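Hello,

Here is the structure for you to look at. My notes on it follow below.

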Amino acid sequence: MQTADLLPLVLVLAAVAYGSAYMRSRAVAAPLGGIRNLKALPAYYAARAALWCAIPALIILGAWAAFEGKVIQNIVMASLPAELTPQSAGHASLTLSQISNLAAGKLNPAMVPDGISSAAVLLQELREQSSRFKSLLVVLIAVLGGTFAWTRVAPTINARKSVERTLQRLFFVCAAVAILTTIGIVFSVIFETVRFFGKVPMSEFLFGTNWSPQTALRADQVGSEGAFGVIPLFTGTLMISAIAMLIAVPVGLLSAVYLSEYASPRMRSVVKPLLEMLAGVPTVVYGFFAALTVAPFIRDLALMLGLEASSQSALAAGLVMGIMIIPFVSSLSDDVINAVPRSLRDGSLALGATQSETMKNVIFPAALPGIMGGILLAASRAIGETMIVVMAAGLAANLTANPLDSVTTVTVQIVTLLTGDQEFDSAKTLAAFALGMMLFIVTLLLNVIALKVVRKYREQYD
Amino acid sequence: MSISMSPAETTIEEGKTVGIPFSDDPKFHLRNVEVFYGESPAIKNISLDIARNEVIAFIGPSGCGKSTFLRCLNRMNDSIESCQIKGSLLLDGQDIYDPKRDVVELRARVGMVFQKPNPFPKSIYDNVAYGPRIHGLANRKSDLDDVVENSLRKAGLWNEVKDRLDAMATGMSGGQQQRLCIARAIAVSPEVVLMDEPCSALDPIATARIEELIAELSESYTIVIVTHSMQQAARVSNRTAYFHLGHLVEVNDTSKVFTMPEHELTESYITGRFG
């Protein structure tokens, strides 16, 4: 039986275990004078039986699925005659796919050596055996587990406790999945980054002012030296993010002030969702809005003013990105402004301060840490944003301070380095991981600062 | 014998108040005041005079409308959208609710101290200087220093804080915070100070300090105090007004209210039969 069929079967068994344990617990309770005399409610005995039935079986199933392929592979490879034993890793994977294709009937047996075809037969056999064993074992364990729990339905045993404990562990496992994934991502990036720094010195990467990642593919190729200085990328990223923040912070903040202090409840109930809808627009839509509408408009405007502007400009990307992150700033600011206690507002108003004086002198300073947190979160969002800049900012790694020039960003370069047919061990592709690492560190720092600031703010009023 | 001792009035009738609700030279002249939250009435046709430089206490069970009524006097109910106020409310003969009236000027004249101490998260100095700065009462730093010192002295807080005026106000004890709020209110030289249960969040010692302070302040200000503590009303006020379910049932000299109430409901309340 396949894993896909075993899963529902285990669940059915668990349901059966649940039902029978439920019935048994009622039956056990009846002579004692009702379920009040059990240590736990029948549902707990039943849940425990279901857990006993399902969890060990699922663990076995998972472990089997994880190791089955590898073990069978090793046995098959070991069975190959000496002359067919692969010499390199590449050769080994070629031989393996030959064997499995043959086993799957996709390859004509006449076209391969005898050793390979007998290995294919062995592979097929092992797979069938493994599948039979697996089904048997899983069902057996499920039934045993369920039965064990069923026999332990007794008025003196507290099933509630063990169910609680199991659930607690289950929740921990779920939380661990997220954390482990993050750690896994970090490690895979670190690994590639270290390989990159083996090819390009770190000082050149961090302080170089020239970015042109085209390396020679062949020894005789000319003109592709490859330069990996991130400074132009980070200045591009910073410029676009700065333009975005320049738009988003004032607009977002003032709209938050309007929403929380001045708008009537009806106005607020209309405007706030509309503003938050901006956050729901896919970034790719913002991207072509920037590339097709805003960038040409800015170029024409600049030409009218007698300025030279490229058709892909940092300004266009920054402006649109600024609009995109307005809801981050406004929504978070609105929340913290609302969280300022009403008593402070009243205290200021009762002293004869106007609404705007109250806003400026009392509410805003009190909410400032929270607002800063929101702004920093928006900034890390702006720095990591990819789609808009890919479409609107350009690819040229210019080291410039002119927002009308085209610039490129870290994220854009990662995308261009990794798309298309690439070798995964050249400095060019590895550079993407180093860039990703840098970006990760920068946004992580921003997020940590933001969370610290927000937490400090919370302590002040709770 | 016992019949003659019991209060004469037993029923509540809208707009009818027993005792002495009016005065010859009122600071506040309030007639037929009605307040609605949406459709539901919170204050039902109350008429009352608040005399110059008197301390008047508003007492009554929770939800009787005494705080709502107090907040009408400096238009703090304005910020509540659904709140509607009818009737005539005059401060020194001028309509408080005149649409042309500047609410900033009104609140500068009618200060307020709230139930929970609400110092701004600023320094002690900046808290007291907040009002004078907004109203431009002190042009030079030395003037402002004087205003701050005087207000803190009047609030009986100067000696405790004079060495740490730059410390955060939120770090003080509850009683100190409330006295700071009083100092903050009197720093703008109001004519009236409204106090909405100023001691309900304080311990007995801090409460005693505030009550002393009210007695001192009553020489220069008109004070309206809402309180849940009848002993407090008896200790600090000249007159006491008893509110019941949005009605003003009885107003009289404090000693009279607490010894010989004219209304049965007042008697029930002060003897602790409900409330």
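**Domains of chain A**

In this predicted model, the centres of domain 2 of chain A and domain 3 of chain A, taken over C-alpha atoms, are separated by 30 Å. Seven residues from domain 2 of chain A and eight residues from domain 3 of chain A make up the contact between them. On the domain 2 side of that contact, three residues are nonpolar, one is polar and three are charged. The domain assignment places domain 1 at 3-157, domain 2 at 160-199 and domain 3 at 227-461 of chain A.

**Chain A overall**

Chain A contains 15 helices and two strands. Its C-alpha trace spans about 80 × 80 × 35 Å along the principal axes. The radius of gyration of chain A is 32 Å, whereas a compact globule of 462 residues would have one near 23 Å. Of the 462 residues in chain A, 36% are buried. If contacts in chain A are restricted to residues at least 6 apart in sequence, 74% of them join residues at least 24 apart.

**Contact between the chains**

Chain A gives 16 residues to its contact with chain B, and chain B gives 19 residues. On the chain A side, the elements that supply two or more residues are α11 (342-350) and α12 (355-384). The largest share, six residues, comes from α11(A). By type, the chain A side divides into eight nonpolar, six polar and two charged residues. The scores for the model are ipTM 0.89 and pTM 0.73.

**The sheet in chain B**

The average pLDDT of chain B is 90, and 97% of the residues score at least 70. Chain B has an open sheet of seven strands with mixed pairing, in the order β1-β11-β10-β4-β9-β8-β7. At the edges are β1 (18-19) and β7 (110-113) of chain B; each has a single partner strand, so one side of each lacks a neighbour in the sheet.

I looked at β10(B) in more detail. On one side, β10 (residues 239-244) of chain B pairs with β4 (residues 55-59) of chain B in the parallel sense, over four bridges. Within that pairing, Ile56(B) has Arg239(B) as its bridge partner, and Ala57(B) has Thr240(B).

β10(B) also pairs with β11 (residues 247-253) of chain B; these two strands run antiparallel and are joined by six bridges. Here Ala241(B) stands opposite Val251(B). The two strands, β10(B) and β11(B), form a hairpin with two residues between them. In the turn, Leu245(B) has a positive phi of about 50 degrees.

How many residues of β10(B) are buried? The count is six of the six, so the strand is largely enclosed by the rest of the structure. Burial here means that 20 or more other C-beta atoms lie within 10 Å of the residue's own. The side chains of β10(B) split into two sets: Arg239(B), Ala241(B) and Phe243(B) point one way, while Thr240(B), Tyr242(B) and His244(B) point the other way. Both sets are buried, and they include Arg239(B) and Thr240(B), the bridge partners of Ile56(B) and Ala57(B).

Regards

Methods: Residues numbered from 1 in each chain as written. Chains lettered and ligands numbered in written order. Contact = placed C-beta atoms within 7 Å. Nonpolar A, V, L, I, M, F, W, Y, C, P; charged D, E, K, R; others polar. Pairing = 2+ DSSP bridges. Domains from an automatic or database assignment. pLDDT = per-residue confidence, 0-100. Buried ≥ 20, exposed ≤ 12 C-beta atoms within 10 Å, placed from the backbone. Rg over C-alpha atoms; globule rule 2.2 N^0.38 Å.
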